[in-house]
Structures are given as structure tokens and as C-alpha cells.
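I opened a notebook for this protein and went through it one topic at a time. The entries below follow the order in which I looked things up.

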Amino acid sequence: MAVPHHSPPRSSNISGGQRVDLVLEGGGVKGIALAGALEVLEERGYTVNRVAGSSAGSIAGALATAGIPATTIVEILRETDYRRFEDGPWWTRPILGKGLSILLHNGVHRGTYLKNWLEEQLASHGGPDRTGTFADLLYVDPDPEHELEGPRKYRLVVTASDLSAGRLRYLPTDAEDFGTTPAQLRVVDTVRASTSIPLFFRPVRWKNAFGKPAVLVDGGMLSNFPVSVFDRTDGEVPRWPTFGIKLSAKPEADFGVRNRITGPLSFGKAVVDTVTGFYDRMHIDSSHSVARTIFIDTAAVRPTQFDLSPEERELLYRKGRKAATDFLDGDHEQAPWDFERYVQQFRS
């Protein structure tokens with residue numbers, strides 16, 4: 001197909017940097033790897049425009065869109081004692097207590113410490129005039145005539161799985177479905193919902209616009225990698241890139257077939273994995289998604305491994321930096337990133 005006569009510009013400038021939108025995958029404590037990749041992008045002159053993320057991706061996104069430098073985000077995530085995220089009464093520590101907490105509250109840990117920790121980081125490192133709501137994150141497009149709708153209206157998009165409605169929620173876009181507005185919705189409340197790893201953390205319980213209960217859990221249950229959330233829907237070419245940062249190795253040719261089933265346990269795991277990953281695989285199977293995604297192989301660490309050693313933290317950080325560097329500079333598997341080539345190949 002011929003390239004349009006209005007050749008796409010290079011990434012627009014913000015404060016001297018190249019504008020970029022980001023989609024960050026969730027992965028529990030693996031968020032340190034995301035910070036390593038963000039640090040490389042910052043060093044190369046990229047300036048964060050908008051961020052979408054679930055779970056750990058929503059934490060990193062909240063910090064980045066608050067204007068906190070990537071180097072500071074690295075320090076924050078390196079120095080955090082993740083064991084304190086496993087909060088709750090003393091009786092939830094033994095196995096029997098954990099089981100009882102799941103029966104009573106649908107999850108073991110309260111998640112209160114995580115929410116308060118994030119609020120403290122945003123208050124300490126964010127801007128002086130912040131309200132803590134999405135009113136701080138209303139997106140102003142460089143083209144005043146460019147119409148914005150849905151998730152594209154905000155600099156931060158947090159995904160959460162609404163079990164009551166059986167659908168993925170984009171927050172703050174879906175705020176009215178919960179009887180509130182983006183200007184009233186607190187960022188830390190949405191991140192707390194998005195980080196509710198089922199059974200590990202207690203789900204977040206809100207009310208919908210009709211006053212009925214709404215139960216929210218980890219956005220990764222339905223989409224851990226909403227890579228197309230900022231893509232233009234008007235058929236025009238993108239004005240700057242959207243990079244995905246995924247906490248897994250680059251997929252093989254047949255990305256959907258990866259579960260080895262040998263018995264009832266592996267069968268059950270395969271069922272859960274297929275259900276929770278199908279939506280994202282439809283995206284990542286597309287060659288245009290692979291071409292703009294930074295893949296970080298973090299398989300050596302579990303998402304709920306909250307007792308990370310210093311060596312494991314350093315490993316995640318280094319893997320994030322290396323993956324971003326290889327993506328931008330190219331390696332034996334791919335050519336260096338080139339926005340204009342990407343547009344001509346996939347978006348013309």
C-alpha cells in the first residue's frame with residue numbers, strides 16, 4: 001500500500017524529548033524490570049506522554065505520569081520492602097489462617113499497605129499542586145483540533161477486572177459506571193483495584209452507578225497487556241510511537257500453544273492460563289504489536305515472590321535495561337527501532 005502524502009512526523013517534542021505512549025504489563029514484584037526499561041528510554045531522550053497498565057504496570061504508570069524521573073522510580077522500587085505488602089492480621093500468616101481469610105474475604109492480604117505506600121510515593125515525589133485524582137492527569141493533546149475520547153483522554157489508564165459485570169474496566173474512563181467522575185476518582189484507589197491478585201489480595205469492593213456491589217480484581221485477569229489502548233481509531237497514521245513493555249520473553253511462532261498438559265493439575269493451569277491470556281494473545285500475535293514491544297524475560301521470578309533478594313532485584317533491573325537497549329539498538333533478532341519504518345510497514 002502506498003505511503004500517504006502526509007508523511008508521518010518523527011516523535012513530537014515535549015521539553016526537548018521524543019514523545020512516547022507506553023503500555024506496561026503487570027507482573028507483581030517484577031515491576032522493577034519495567035523501571036529498568038523506563039530508565040533506558042529516559043536516557044535516550046524519550047518523554048512519557050501517556051501510560052496504560054495493569055497491576056505492577058499500573059504502579060509504574062502512576063509514578064511515571066506523576067512526573068517522577070525514571071531514575072527515581074528505580075530507586076523507589078529497589079528500596080521498597082515488598083514483604084510489607086503482605087499485610088493483614090496475625091492469624092493470616094499460617095496456612096490455615098490463609099485459607100480462612102480466603103473463605104471470609106476472598107483473599108489473604110488487605111492491600112492497605114500497598115495503597116498507602118503508593119500514596120506516600122506520589123505525595124513525596126509528585127508535583128506540589130496534585131489532588132491525587134485523575135483531574136491531575138487530564139491529557140492535553142498538542143493538536144487542539146484532535147478529538148479525544150475514551151482512555152485517550154487521560155495520561156494514565158488503569159485496567160481492572162470487574163467480576164460483577166464480567167468485563168474489563170478502563171479507569172478513569174469508566175468512572176461514571178461507579179457513580180463518580182474522573183475528577184473525584186483517586187489514582188491510588190484504581191491502582192489498588194488493579195493489583196488485586198486473586199486470592200492473594202482481597203478484592204476491591206465498590207458500588208456501581210445503581211448502588212449495587214461491584215467486585216474488582218487484577219486487570220490482568222482479562223487483559224494484562226492492553227497494547228492497542230492508545231492507537232488511533234480514525235485511520236490516520238500515528239504521530240508518535242506506542243511502546244509495549246512485556247514481562248515475558250518474545251513469543252515463539254505459535255504463541256498460543258505453550259502449556260504442557262500431563263495430568264489434572266497441569267490441565268487446570270492450562271485452562272486458567274488460556275482464559276486469562278486469550279485477549280492479550282490476539283494483540284501480541286499481530287506482527288505490528290511484536291514490532292513495537294520490549295520483551296523482558298522475567299521467568300526466573302514469580303509475581304508474588306515478595307521476599308526478593310538484592311540479587312533478584314538487580315537481575316530484574318538489569319534485564320529491563322538490556323531488553324530496552326536491545327530493542328532500541330537492535331540485536332541478532334531484530335533491527336534497531338525506527339518509527340518511520342514502523343509506520344510505513346504497519347500503519348500506512
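**Entry 1. Aspartate 329 and its partner.**
I began with aspartate 329, which counts as partly exposed at 41% relative accessibility. The model is a predicted one, and I read every value below with that in mind. I then asked which residue forms a salt bridge with aspartate 329. The partner is arginine 44, and the closest N and O atoms of the two are 2.8 Å apart. Aspartate 329 lies in helix H9 and arginine 44 in the loop between helix H1 (31–43) and strand E3 (46–53), so this pair ties together parts that are 285 residues apart in sequence. Arginine 44 is also partly exposed, and I noted 35% for its relative accessible area.

**Entry 2. Other salt bridges.**
How many salt bridges does the structure hold? I noted 20. One of them pairs arginine 347 with aspartate 231, with 3.3 Å between the closest N and O atoms. Here too the pair links distant parts of the chain: arginine 347 sits in the segment after H10, aspartate 231 in the loop between strand E9 (213–218) and strand E10 (242–246), and they are 116 residues apart. I checked whether aspartate 231 is buried or exposed. Aspartate 231 counts as buried, at 12% relative accessibility.

I also looked at aspartate 234, which forms a salt bridge with arginine 232; their closest N and O atoms are 2.8 Å apart. Aspartate 234 is partly exposed, with 44% relative accessible area. Arginine 232 counts as partly exposed as well, at 25%. Elsewhere in my list, Glu39, Glu43 and Arg321 are joined into one network by salt bridges that share partners.

**Entry 3. The whole protein.**
I stepped back for the totals. The protein has 348 residues, and 51% of them count as buried. I noted 10 helices and 11 strands. About 16800 Å² is exposed, of which carbon and sulfur atoms supply 54%. For contacts between residues at least 6 apart in sequence, I wrote down that 74% join residues at least 24 apart.

**Entry 4. Helix H10.**
Which residues of helix H10 (residues 339–346) are buried? I found Phe339, Tyr342 and Val343. Seen down the axis of H10, the buried residues fall within an arc of 100°, so they line one face of the helix. At the start of H10, I noted that a side-chain oxygen of aspartate 338 comes to within 3.2 Å of the backbone nitrogen of glutamate 340.

**Entry 5. A nonpolar patch.**
On the surface I looked up a nonpolar patch formed by Leu100, Leu103 and Leu104, which together have about 330 Å² of accessible area. I followed up on leucine 104, which is placed in helix H4 (residues 95–105). Its relative accessible area is 53%, and the cut-off for exposed is over 50%, so leucine 104 counts as exposed.

**Entry 6. Glutamine 305.**
Where is glutamine 305 found? I located it in the loop between strand E11 (293–295) and helix H9 (310–329). Glutamine 305 counts as buried, at 8% relative accessibility. Its side chain is joined to that of glutamate 312 by a polar contact of 2.8 Å. Leaving aside neighbours within four places in sequence, I listed Val29, Ala300 and Glu312 as the contacts of glutamine 305.

**Entry 7. Phenylalanine 201.**
Phenylalanine 201 belongs to strand E7 (residues 199–201). I noted it as buried, with a relative accessible area of 3%. With neighbours within four places in sequence left aside, its contacts include Phe85, His109, Leu114, Arg192 and Phe306. I also looked up aspartate 218, which is 17 residues from phenylalanine 201 along the chain; the C-alpha atoms of the two are separated by 9.2 Å.

**Entry 8. Valine 48.**
I ended in strand E3, where valine 48 has its place. Is valine 48 buried or partly exposed? At 22% relative accessibility, valine 48 counts as partly exposed; buried would need a value under 20%. Not counting residues up to four places away in sequence, valine 48 touches Val20, Leu22 and Arg155. The C-alpha atoms of valine 48 and arginine 19 are separated by 6.3 Å, and the two residues are 29 apart along the chain.

Methods
Residues numbered from 1 in each chain as written. Predicted model: local features only at pLDDT ≥ 70, side-chain atom pairs only at ≥ 80, totals over all residues. Heavy atoms only, no water. Buried < 20%, exposed > 50% of the residue type's maximum accessible area, 1.4 Å probe, protein only. Helix = DSSP H or I, 4+ residues; strand = E, 2+ residues; numbered from the N terminus. Arc of directions from axis to C-beta. Polar contact = N/O pair within 3.5 Å; in protein donor to acceptor, adjacent residues only side chain to side chain. Patch = residues over 30% accessible without salt bridge, like charges linked within 9 Å, V, L, I, M, F, W, Y side chains within 5 Å. Areas by Shrake-Rupley, 256 points an atom, 1.4 Å probe, with all protein chains shown as cover. Salt bridge = Lys/Arg side-chain N within 4 Å of Asp/Glu carboxyl O. Contact = heavy atoms within 4.5 Å.
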